[in-house]
Amino acid sequence: MSSSPGAIRPNLLLKGGYVIDPANGIDRRADVRLSEGRVEAVTHDMPSASGESVLDVSGYYVVPGIIDMHAHVFSTHRRSRLSLDPHVNTFSSGVTTVVDAGTAGWQDFADFRAEVIDRTRIRVLAYVNIIGSGMGGEWEHDVREMRPALAAAMADEHRDVVVGIKTAHYWANRPFDAEHPPWAAVDAAVEAGERCGLPVMVDFYPWLPERPYPDLILEKLRPGDIHTHVFAQQFPVIDEQGKVSDHLFRARERGVIFDLGHGAASFWFRNAVPAIRQGFVPDSISTDLHTGNLNGPVIDMATTMSKMLAMGVPLTEVIARSTVAPAREIGRQGLGTLTPGAEADVAILALDEGEFGFVDCGQTRIASNQQLRCVITVRSGEIVYNPHGLGLLSWQQVAG
Ligand SMILES: [Zn+2]
């Protein structure tokens, strides 16, 4: 790339954009210098240095590379067809870090690492599933697959890429019996989290009286543990009076984290809109992107973030909950920020005005007059997405 005419060199000055870097309280016009794969400075009116490419990004938002903390990217998984290649609908949405939410269990994790995590241009981090064989089949209901000591050992061995323990899908909507105690999966995941000192991310089904949702978030989960899919149909988020259930606020006070985790069936405007209007905004925004929702209703992070805007969440909050907040939740505070010295992961976003609509998992629609669209993604100082060719010479300038 560096030798071709008009190519954008690694040292970049992003000029004239509107910077939102919630980790540093920056919410104003500023220039951003990226040098040798790192953020060098964020200041007003920076003169360009020799040998650096200047990119006019006026009219756009410059934000830290987006973190999608719930997706499925174990694309070589032998048994499950759930996963996407980690580059699908990620760079094109400003995402520079994608977190796999437990597609691989403690048995498969080394394969996932060797075949996917260590081979990608995008940064891939992951939760280890408490189920040894990972996601995607009946084995997710077998308590013999739940081995806290082995899951914790695998997490410890791959600590540089593992961010926590995942449990999902266990015994959803079936009567419990002696071989399927109601809390088996949650208890095993929390025990594994205790052993390795990492948080747990929980996908949960509260339908039966033996496993009430308030018990999950008020008793079972620890501060820093994450309930994903918070606006799924099955959760008592809104009470009979139309008010946000008190247990959500009490759990948040305890330090339990609520993640959006959109997914194919887990995001309903009828839960989300009243909750957000009453001040209950998810701590982090994530897609749960997989083969079953790629072409709708999820599409990508930019679409999911646009849905938050449509529901009235301010842009700065949407950016914070897609950058600094997930970085904190996954224990990677060096990510999701433009702090000088941070790896140069940057998203440049357009906020288009017009008539748009977005869809939830209940096949309903919300109208909106704004839509976020990624125009450039920079990963570790390198432009990896630039569909409109910003900063390039026109073809006539180089034609012989
Ligand atoms: Zn998921």
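## Zinc site, cores and hairpins in a predicted model

Along the chain, the donors of the zinc ion follow the spacing H-x1-H-x215-D. In this predicted model, the zinc ion is coordinated by His70 through NE2, by His72 through NE2 and by Asp288 through OD, at 2.1 to 2.2 Å. Because His72 lies in the loop between strand E8 (66-71) and strand E9 (95-105), while Asp288 lies in the loop between helix H6 (269-277) and helix H7 (301-310), the pair ties together parts that are 216 residues apart in sequence. His72 counts as buried, at 3% relative accessibility, and Asp288 is likewise buried, with a relative accessible area of 7%.

The loop between H6 and H7 that holds Asp288 also contains Asp283 and Pro297. Asp283 has a relative accessible area of 18% and is therefore buried, the cut-off being under 20%. Its side chain makes a polar contact with the side chain of Arg252, at 3.3 Å. When neighbours within four places in sequence are left aside, Asp283 is in contact with Arg252, Val256, Ile257, Phe258, Arg321, Ala325 and Glu329. As for Pro297, the peptide bond that leads to this residue from Gly296 is cis, with omega near 5°.

Turning to the interior, the largest nonpolar core has 108 residues, of which Phe109, Phe112, Ile165, Ile217 and Phe231 touch the most other members. The largest share of this core, 8 residues, comes from helix H3 (residues 184-196). If residues up to four places away in sequence are not counted, Phe112 touches Val73, Phe74, Asp100, Ala104, Ile117, Val124 and Ala126. A second, separate core of 22 residues includes Leu55, Val57, Val346 and Ile376. In soluble globular proteins, nonpolar side chains tend to be buried together.

Helix H2 (residues 148-157) has a set of buried residues, namely Pro148, Ala151, Ala152, Met154 and Ala155. These residues cover an arc of only 160° around the axis, which puts them on the same side of H2. The buried residues of H2 pack against helix H1 (109-115), strand E10 (123-129), strand E11 (162-167) and H3.

Val32 is placed in strand E4 (residues 31-35) and is buried, with a relative accessible area of 0%. Not counting residues up to four places away in sequence, Val32 touches Leu12, Leu13, Leu14, Val19, Ala41, Val42, Met46 and Val62. Val32 and His44, which are 12 residues apart in sequence, are 8.7 Å apart in space from C-alpha to C-alpha.

Strands E15, E16 and E17 take part in two hairpins. Strand E15 (residues 346-359) pairs with strand E16 (residues 365-379) in the antiparallel sense over 12 bridges, and Ile348 of this pairing stands opposite Ile376 in E16. Ile376 is also among the residues of the second core. The hairpin formed by E15 and E16 has 5 residues between the strands. E16 is joined in turn to strand E17 (residues 382-385) by 3 bridges, the two running antiparallel, with Thr377 opposite Tyr385 in E17. In the hairpin of E16 and E17, 2 residues lie between the strands.

Most residues other than glycine have a negative phi, and most peptide bonds are trans. Against that background, the following residues have a positive phi.

| Residue | Place | Phi |
|---|---|---|
| Glu36 | loop between E4 and strand E5 (38-43) | about 50° |
| Asn89 | loop between E8 and E9 | about 55° |
| Gln363 | turn between E15 and E16 | about 60° |
| Ser380 | turn between E16 and E17 | about 55° |

Glu36 counts as exposed, at 70% relative accessibility, whereas Asn89, at 25% relative accessibility, counts as partly exposed. The loop that holds Asn89, between E8 and E9, is also where His72 of the zinc site lies.

Notes. Residues numbered from 1 in each chain as written. Predicted model: local features only at pLDDT ≥ 70, side-chain atom pairs only at ≥ 80, totals over all residues. Heavy atoms only, no water. Donors = N, O, S within 2.8 Å, 3.2 Å for Na, K, Ca; no water. Helix = DSSP H or I, 4+ residues; strand = E, 2+ residues; numbered from the N terminus. Buried < 20%, exposed > 50% of the residue type's maximum accessible area, 1.4 Å probe, protein only. Core = buried A, V, L, I, M, F, W, Y, C linked by side-chain atoms within 4.5 Å. Contact = heavy atoms within 4.5 Å. Pairing = 2+ DSSP bridges. Arc of directions from axis to C-beta. Polar contact = N/O pair within 3.5 Å; in protein donor to acceptor, adjacent residues only side chain to side chain.
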